[in-house]
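Trainee: Got a minute to go through this one with me? Let's pull it up.

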Amino acid sequence: MLRVIAACGNGMGSSQIIKMKIEKVFKKLNIDVKIEHTSIGIAKNQAPSYDVVFCSESFISTFDSAAARGTIIVPLKNLLSEQEIEEKIVKYIVNKEA
Amino acid sequence: MEFLLSIWGYFQANILTKPAFFVGFIVFLGYILLRKPIYEAFAGFIKATVGYLILNIAAGGLVTTFRPILAALKDRFNLQAAVIDPYFGQAAAQAAIENVGKSFSMMMQVLLVAFAFNLILVIFRKLTKVRTVFITGHIMVQQSATALWMVIFCFPELQNNGMVMMLGLLLGTYWAVSSNLTVEATQDLTDGGGFAVGHQQMFGVWLTSKIAPKIGNIGGKKSKSLDEIKLPGFLSVFNDNVVATGTLMLLFFGIIMTILGPELMATIDDKYKVESSFTFYILEKSLTFSVYLAILQLGVRMFVSELTESFQGISSRLLPGSMPAVDCAATYGFGNPNAVTIGFLFGALGQFVAILGLVVFKSPVLIITGFVPVFFDNATFAVFANKKGGLRAAIVITFLAGIVQVLGGAFAASYFQTAQFGGWHGNFDWDTVWPVIGILMKNLQYVGVGIVIIALLAIPQLQYFKNKAHYFEAAEDYDAYKAAMNK
C-alpha cells in the first residue's frame with residue numbers, strides 16, 4: 001500500500017480537495033493507498049516517512065530534502081483536474097515503479 | 001404525542017444544543033444519506049465529535065492565553081487588542097456568543113441552512129444567475145461563527161430559530177453571490193480550471209481583477225512581471241504556517257509584553273513570577289498561541305473533512321456540472337511561486353504601516369497581525385494582480401489590502417465588541433463588506449437585512465446583464481467563452 005500525504009498552506013482547504021480528487025483517481029487506477037492531508041509545515045517534517053507527497057506547484061521547493069531521501073513529490077497545477085492528476089500519477093508513480 | 005415531545009426535548013437538550021454531538025450527528029446522518037455502510041457512519045460520528053471537542057479546548061486556550069495580556073493593556077493604556085485572523089475570530093465569536101448565554105450549536109444550524117440556500121440559488125440559476133456552490137468547509141464554519149455573533153449583537157431579542165433562518169439566508173446568499181463574482185477572473189487565471197474561489201476575499205478578488213490592469217499600465221508604461229525577478233530563498237520559510245505564525249506572534253506579543261513590563265505581567269498573570277526570566281516567559285507565552293492554533297486546526301480539520309466530503313457529494317449528486325467554489329490556495333499553482341511570497345511580504349508591510357498608524361493616532365483598539373489574512377488574502381490578490389497587471393499591481397494592491405485589513409479589522413473588532421475576547425475574523429471581505437452589512441443590520445434591523453440580501457442578489461443579475469450571451473458559458477464551456485471573448 002502506498003502512503004500518501006496531501007499538503008497545502010494551512011492544511012485545511014486545498015489539501016482536502018487534493019485528497020478527495022487523488023482518492024478518486026487512485027481508485028480508478030486500482031492503486032491501494034492511504035491518504036492523509038495536512039499543512040506544508042507539518043508535511044515537510046513527515047514527508048520522509050511517506051511514499052508520495054502531493055502539493056501545489058508553488059510549494060514544491062519545500063520538499064527538496066524529502067525528495068532527496070526518496071519520497072516522490074508530485075506537483076499539481078490544477079488541484080481539481082482529475083485528468084492532470086491521472087497523468088501525473090502515471091508519470092511520477094506508475095512508470096517510476098515499473 | 002407527549003412521548004414524541006419528550007424525545008424531541010431530549011434530542012434538543014443533549015444533541016441540538018451541544019455542538020460537538022450535533023456536528024457528529026450531522027456527519028452520521030450525511031453518511032447514511034449518502035448510503036455509506038453503518039460502520040463508516042459510526043467512524044465519521046466519532047471523528048467529527050472528537051474533532052469538535054479538540055477545537056473547543058483550543059478555542060478556550062487561545063482566549064485564556066490572551067486574557068492576561070488584554071487585561072494588562074486595559075490596565076496600563078486603556079487599550080483593547082485583537083488578532084485579525086479567522087481562527088482567533090472564531091474563538092472570540094464563540095466566547096462572545098457563550099458569554100450572552102446562547103448555544104454555539106446555532107453556528108452549525110446556520111451553516112446547514114446557508115449551504116442549502118446556496119444550493120437552491122444554483123438550482124434556480126436560470127432565474128438567479130448564480131453559478132457556484134461554496135464547499136470550503138472550514139471557511140463555512142468560521143464565517144457562520146462570526147456572522148452568528150454579529151446577528152446576536154444586532155438582534156439581541158430575536159428567537160433562536162428566527163436567527164438561524166435569517167442568518168442562513170443571508171450567509172447563503174453571500175456564499176453564492178460572492179463566489180459567483182470570481183468565476184470570470186478565476187477561469188481567466190486558470191484558463192478554464194473549472195472552479196471559483198469560495199474563501200474569505202471574493203470581493204477583493206473581483207476588485208483586484210478590475211483595478212490590476214489599470215495599475216499595471218499607469219502612464220502607458222507596462223509593469224514588469226513577477227517572472228522577471230528573483231527573491232531571496234530564506235523568505236520561503238514563511239510558507240510554513242507554524243513558522244510564520246510563531247514568528248508573527250513572537251514579534252507582536254514580544255513588543256507588547258516588553259512595553260507592559262515584568263512587574264505588571266507578574267501582578268496580572270499568576271503563571272509568571274518576577275524572579276524568573278521575562279524573556280523566556282515572553283517566548284513561551286507567544287509560542288503558546290501557535291500551539292493552540294495548531295490544535296484548533298487539527299480539530300477543525302477532523303470534523304470539517306467529513307463535512308466537506310458530504311457537501312461535495314451532495315452538490316455533485318444534486319447539481320451535476322455546477323461549479324465548485326473552493327479554497328483560494330487552489331489558485332496558487334497558476335501563479336508564479338513568487339506571487340505568494342510577494343503578496344505576503346507587501347501585505348504584511350501594509351498591515352505594519354497601518355498598525356503604526358493606529359498607535360500614532362491613539363486608536364482604542366490595537367490590531368495584531370494574524371497569519372491567515374496576511375498570507376492567504378494577499379497571496380491570492382498577488383496571484384490575480386500579477387496575471388492582470390504585473391509586479392507593480394501585485395505590490396500596490398497587496399500593500400493597500402494590508403492597510404484595509406488592519407483599519408477595517410480595528411473598526412469591526414471595536415464595533416462588534418469582539419476585541420474583549422481578543423480577535424476578529426480579519427480577512428478582506430470581513431473588513432469591508434461584512435462591517436457594512438453589520439452596520440446596516442444594527443441600524444435598520446430587518447429592513448437592513450432585506451436591503452443586504454436584495455443588494456447581494458442584484459450582483460449576479462448585473463453580471464449577467466453585461467454579458468447575456470456568454471455568461472453561463474464562462475462556467476460551463478470555457479473554450480466557447482474564450483473564443484467569443486477574443487472575437
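Trainee: Which residues are exposed on the other side of helix 17 of chain B?

Mentor: Val436(B) and Asn443(B). Exposed is 12 or fewer other C-beta atoms within 10 Å of a residue's own, buried is 20 or more, and C-beta atoms are placed from the backbone. Mind that this is a predicted model: local features need pLDDT of at least 70, side-chain atom pairs pLDDT 80 or more, while totals for chains, interfaces and linings use all residues. Residues are numbered from 1 along each chain as its sequence is written, and chains are lettered from A in the order written.

Trainee: And which are buried in helix 17 of chain B?

Mentor: Trp434(B), Pro435(B), Ile437(B), Gly438(B) and Met441(B). They sit on the same side of helix 17 of chain B, because they cover an arc of only 155° around the axis. That arc is taken from the directions from the helix axis to the C-beta atoms.

Trainee: What covers them?

Mentor: The cover includes helix 7, helix 15, helix 16 (428-431) and helix 18 (446-466) of chain B. Helices here are DSSP runs (H or I, at least four residues), numbered from the N terminus.

Trainee: What comes just after helix 17 of chain B?

Mentor: Gln445(B), with a positive phi of about 55°.

Trainee: New topic. How many residues does each chain bring to the contact?

Mentor: Chain B brings 33 and chain A 25. Contact means C-beta atoms, placed from the backbone, within 7 Å.

Trainee: Which helix of chain B gives the most to that side?

Mentor: Helix 13 of chain B, with seven residues.

How values were computed:
Contact = placed C-beta atoms within 7 Å. Helix = DSSP H or I, 4+ residues; strand = E, 2+ residues; numbered from the N terminus.
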